[in-house]
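Open the model in your viewer and keep the selection panel at hand. The tour goes residue by residue, so follow along in order.

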Amino acid sequence: MSRVRWPESLSGWAPVSLSVMMQADLQDLQEPHSPIPAFPPPASIPALLGVLYVLEGSSLGARFLARQVSALGYTQDFGARHLAIQTASPDNWQHFLRLLESASEWDADVAADAAHSLFRYAIDAVRHTDRLTETSHG
């Protein structure tokens, strides 16, 4: 499948990449890391916008999680690097929303379908990780 071109309406903006930090956090916690299948690239700009909405919107929940895990001793240097990176630019969400409003290729149904697909993917990834944790600790 070919990748969709980056929309002109998002020029000058990019989502935060968390994968390297997440892997470091897993290593800190001595949790197994087993690759999961890659999320398929969005097939259209509206689908890409739906996926980005979910990914960037997750930074709102990450702020709450970062406060909770800091009470457990997880920090930007140990176990919660990905949350620190994800919450480091609180204006990124509002910036994305402003750019989304100017997107010329918008289809709410396609964006919602892509967002739902990403949520299903995330749930499956958590279930996969839970099974690995149960197997390695059980």
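Select Trp13. At 4% relative accessibility, Trp13 counts as buried, because the cut-off is under 20%. Keep in mind that this is a predicted model.

Add Phe96. The ring centres of Trp13 and Phe96 are 4.9 Å apart and the planes meet at 35°, so this pair is tilted. The two residues come from distant parts of the chain, 83 residues apart: Trp13 sits in the segment before helix 1 (19-28), and Phe96 in helix 4 (residues 91-101). Both Trp13 and Phe96 are buried.

Now add Trp6. Trp6 is partly exposed, with a relative accessible area of 40%. How are the rings of Trp6 and Trp13 arranged? Their centres are 6.4 Å apart and their planes are at 10°, so the pair is stacked.

Extend the selection to Tyr53 and Trp93. Ring pairs link Trp6, Trp13, Tyr53, Trp93 and Phe96 into a cluster. Across the whole structure, the search finds six aromatic pairs.

**The cores**

Next, show the largest nonpolar core. Select Leu10, Trp13, Ile45, Leu48, Leu49, Leu52, Trp93, Phe96, Leu99, Leu100 and Ala103, eleven residues in all. Which elements give two or more residues to this core? Helix 2 (45-70) and helix 4 do.

Zoom in on Ala103. Setting aside neighbours within four places in sequence, Ala103 is in contact with Ser9 and Leu49.

A second, separate core has six residues. Select Ala47, Ala114, Ala115 and Leu118, which are among them.

**The charged pairs**

Switch to salt bridges. How many are there? The count comes to four.

Select Arg81. Arg81 is buried, with a relative accessible area of 19%. Add Asp28: the closest N and O atoms of this salt bridge are 2.2 Å apart. Arg81 is in helix 3 and Asp28 in helix 1, 53 residues apart.

Add Asp25. Asp25 also forms a salt bridge with Arg81, with the closest N and O atoms 3.5 Å apart. Here helix 1 is linked to helix 3 (residues 81-87), across 56 residues. Both Asp25 and Arg81 are buried.

Last stop: Arg127 and Asp124. Their salt bridge has its closest N and O atoms 3.9 Å apart. Both residues lie in helix 5 (residues 108-137), three residues apart, about one turn of the helix. Asp124 is partly exposed, with a relative accessible area of 45%. For a final view, select Asp25, Asp28 and Arg81 together: salt bridges that share partners join them into one network.

Definitions and conventions. Residues are numbered from 1 along each chain as its sequence is written. This is a predicted model: local features need pLDDT of at least 70, side-chain atom pairs count only at pLDDT 80 or more; totals for chains, interfaces and linings use all residues. Side-chain values use heavy atoms; hydrogens and water are left out. Rings of Phe, Tyr and Trp (its six-membered ring) pair if their centres lie within 6.5 Å; planes under 30 degrees apart count as stacked, over 60 as edge-to-face and the rest as tilted. Buried means under 20% relative accessible area, exposed over 50%, partly exposed in between (1.4 Å probe, protein chains only). Helices (H or I, at least four residues) and strands (E, at least two) are DSSP runs, numbered from the N terminus. A nonpolar core is a set of buried Ala, Val, Leu, Ile, Met, Phe, Trp, Tyr and Cys residues joined through side-chain atoms within 4.5 Å. Contact means heavy atoms within 4.5 Å. A salt bridge is a side-chain nitrogen of Lys or Arg within 4 Å of a carboxyl oxygen of Asp or Glu.
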